[in-house]
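Please keep the sequence and the model side by side while reading. The paragraphs below move from strands to aromatic rings and then to helices.

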Amino acid sequence: LFSLSVLLEGLFLSPLSSPGAILGRSETQECVYYNSSWEKERTNRSGIEPCYGEKDKRRHCFATWKNVSGTVEVVKQGCWLDDVNCYDSNECVERKESPDVFFCCCEGNMCNERFLYAPEAPPQTTSNPFSQKPQLFSTLLYSLVPIIGLAAVVLFSFWMWRHHKLAYPAALVPTHDPGPSPPSPVLGHKPLQLIEVKARGRFGCVWKAQLLNEYVAVKIFPIQDKLSWQSEYEIYSVSGMKHENILHFIGVEKRNNNLDLELWLITAYHDKGSLTDYLKASVVSWNELCHIAQTAARGLAYLHEDIPGHKEGHKPSIAHRDIKSKNVLLKSNLTACIADFGLALKFEAGKSVGDTHGQVGTRRYMAPEVLEGAINFQRDSFLRIDMYAFGLVLWELASRCTAADGPVDEYMLPFEEEVGQHPSLEDMQEVVVHKKLRPCLRDCWQKHTGLAMLCETIEDCWDHEAEARLSAGCVEERIGQMQRQAPIIGPEEIVTVVTMVTNVDLPPKESSL
């Protein structure tokens with residue numbers, strides 16, 4: 001054990017604010033910055049780092065260092081995200097007993113300029129002498145033993161009942177208030193074992209894992225993506241987010257410590273994977289297409305809906321902002337569920353959606369107004385952006401459907417013919433905004449009653465004018481009508497149906513937006 005208090009002099013600029021400033025939610029504006037791996041990570045070595053964050057979140061400073069044979073080696077210093085462990089601490093102090101890497105955080109400008117190792121002394125236990133009245137003690141002991149035994153039996157029985165009733169342990173069940181940093185569930189006696197990596201994405205990788213006798217999916221975020229992990233957790237924790245067509249959320253967890261900290265988000269596991277993966281490997285029949293499309297539309301419609309009277313509380317309207325086939329998962333019966341809410345926004349009356357950037361999502365699925373940077377930051381504008389992307393997902397389904405009288409194309413991403421597999425923002429602006437192109441709707445699709453109706457629905461979803469796009473609820477209704485009508489109507493009546501469809505068969509385009 002060692003104690004130290006180090007002031008790094010000569011490495012950094014002098015602080016801009018006086019020590020001892022009154023601390024508050026927005027008081028930490030600058031921190032001492034240092035990175036021992038600056039050459040490898042191509043960053044500055046030292047200086048002063050301005051801290052940024054959401055208005056309602058606290059900001060902190062941190063420092064990490066090692067003790068190498070009695071010599072202090074600083075690893076990193078800088079700004080730290082909202083962390084309850086740093087609240088109201090104007091000194092950067094590591095209190096853990098002999099860690100491999102020392103870590104501390106604090107509140108206040110430049111508060112990490114000094115850092116200190118002061119481990120907490122272990123609590124001293126004192127043994128209480130036996131009672132001076134041994135007969136009374138013995139009487140009480142013999143009286144309480146049967147009661148304690150009975151209570152233990154009752155508690156064990158209750159635990160067994162809960163174990164069989166709930167599919168997952170209570171330690172992983174989330175609360176409705178995500179707070180600044182959720183606590184880590186203790187899984188020592190409920191092992192969560194990672195099995196294999198199933199996907200890699202924008203904010204980390206997704207593992208197939210085993211929790212007791214269940215398979216689950218574990219999405220692992222590195223510490224630098226803590227805001228994305230916390231945002232997705234907050235969306236999953238919104239009242240009313242449990243729905244058949246929304247990916248089932250189980251819980252969150254922190255693993256490892258300090259620099260190696262990993263942030264886990266645990267959900268249900270679906271072996272068929274994403275719609276992208278499924279369409280690459282398989283074609284779909286007309287009925288399968290309708291089932292996947294309708295359940296995906298139902299999930300999106302539920303996500304978009306504002307439900308004041310929900311039994312779990314007011315369920316706000318939520319925009320996904322990254323709708324694509326990769327974020328639509330398929331259950332074993334091909335029922336679709338919407339996943340990945342790292343970019344989602346919730347809209348609550350009287351509350352701002354917070355600091356947000358309009359040009360987010362996956363480029364090839366971006367609506368024209370997103371590519372142009374001309375978004376009206378209102379709820380309906382974001383919902384219509386989702387619907388544009390959903391039109392492209394429907395096109396992907398149509399392109400792999402066996403119902404048409406013609407060959408089924410190999411799976412291609414939307415606009416892959418036009419811009420290839422790795423388009424730049426400028427490529428998508430040229431194709432979608434300036435040329436107003438959309439993926440090709442094959443002529444043979446028009447010869448099938450249902451696919452012809454689906455093509456019209458797709459065009460109404462990806463309309464260049466955002467106000468003209470269908471709502472998710474309207475798409476769900478249309479697909480239901482298509483499935484009912486397509487098997488009944490013969491080929492000779494196709495022309496009549498296509499001409500009548502906008503007047504009679506389909507719900508109005510602007511049913512809910």
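In this predicted model, a good place to begin is strand β4, residues 60-68, which pairs with β5 in the antiparallel sense over nine bridges. One of the contacts along this pairing is that of K66, whose bridge partner in β5 is E73. The two strands β4 and β5 form a hairpin with two residues between them, and in the turn S69 has a positive phi of about 50 degrees. Strand β5, which covers residues 71-80, is also joined by two bridges to strand β2, residues 30-35, and these two strands run antiparallel. Here Y34 stands opposite Q77 in β5.

A further set of strands can be followed later in the chain. An open sheet of five strands has the order β9-β10-β11-β13-β12, and its pairing is antiparallel. Which strands stand at the edges of this sheet? They are β9, residues 192-201, and β12, residues 249-255; each has a single partner strand, so one side of each is left without a neighbour in the sheet. From one strand to the next, the twist averages 25 degrees. Strand β9 is joined by eight bridges to strand β10, residues 204-211, and the two run antiparallel. Within this pairing, L194 stands opposite A209 in β10. As background to these pairings, strands of a sheet pair through backbone hydrogen bonds, either parallel or antiparallel.

The aromatic side chains offer another way through the model, with a count of 11 aromatic pairs. One of them is formed by Y236 and F341, an edge-to-face pair with 5.1 Å from centre to centre and 85 degrees between the planes. Because Y236 lies in helix α3, residues 226-236, while F341 lies in the loop between β16 (336-338) and β17 (345-347), the pair ties together parts that are 105 residues apart in sequence. Are these two residues buried or exposed? Y236 is buried, with a relative accessible area of 6%, and F341 also counts as buried, at 0% relative accessibility.

Another pair is made by F347 and F382, whose ring centres are 5.9 Å apart and whose planes stand at 35 degrees, so the pair is tilted. Since F347 lies in strand β17 and F382 in helix α7, residues 379-399, this pair ties together parts that are 35 residues apart in sequence. Both F347 and F382 are buried. Elsewhere, ring pairs link W65, F102, F115 and Y117 into a cluster.

Rings also meet charged side chains in this model. R58 lies over the face of Y87, at 4.0 Å from the ring centre, and K315 lies over the face of Y302, at 5.2 Å from the ring centre.

Helix α7, which holds F382 of the tilted pair, leads on to the packing of helices. In general, two packed helices are described by the angle between their axes and the distance between the axes. For α7 and helix α10, residues 449-461, the angle is about 155 degrees and the axes are 8 Å apart. Since angles over 145 degrees count as roughly antiparallel, α7 is roughly antiparallel to α10. The crossing of α7 and α10 is left-handed.

Definitions and conventions. Residues numbered from 1 in each chain as written. Predicted model: local features only at pLDDT ≥ 70, side-chain atom pairs only at ≥ 80, totals over all residues. Heavy atoms only, no water. Pairing = 2+ DSSP bridges. Helix = DSSP H or I, 4+ residues; strand = E, 2+ residues; numbered from the N terminus. Phe/Tyr/Trp six-rings, centres within 6.5 Å; stacked < 30°, edge-to-face > 60°. Buried < 20%, exposed > 50% of the residue type's maximum accessible area, 1.4 Å probe, protein only. Lys NZ or Arg CZ within 6 Å of the ring centre and 35° of its normal. Axes fitted to C-alpha atoms, helices over the stretch in contact; angles between N-to-C directions. Parallel < 35°, antiparallel > 145°, perpendicular 65-115°, else oblique. Left-handed = near helix turned anticlockwise from the far one by under 90°.
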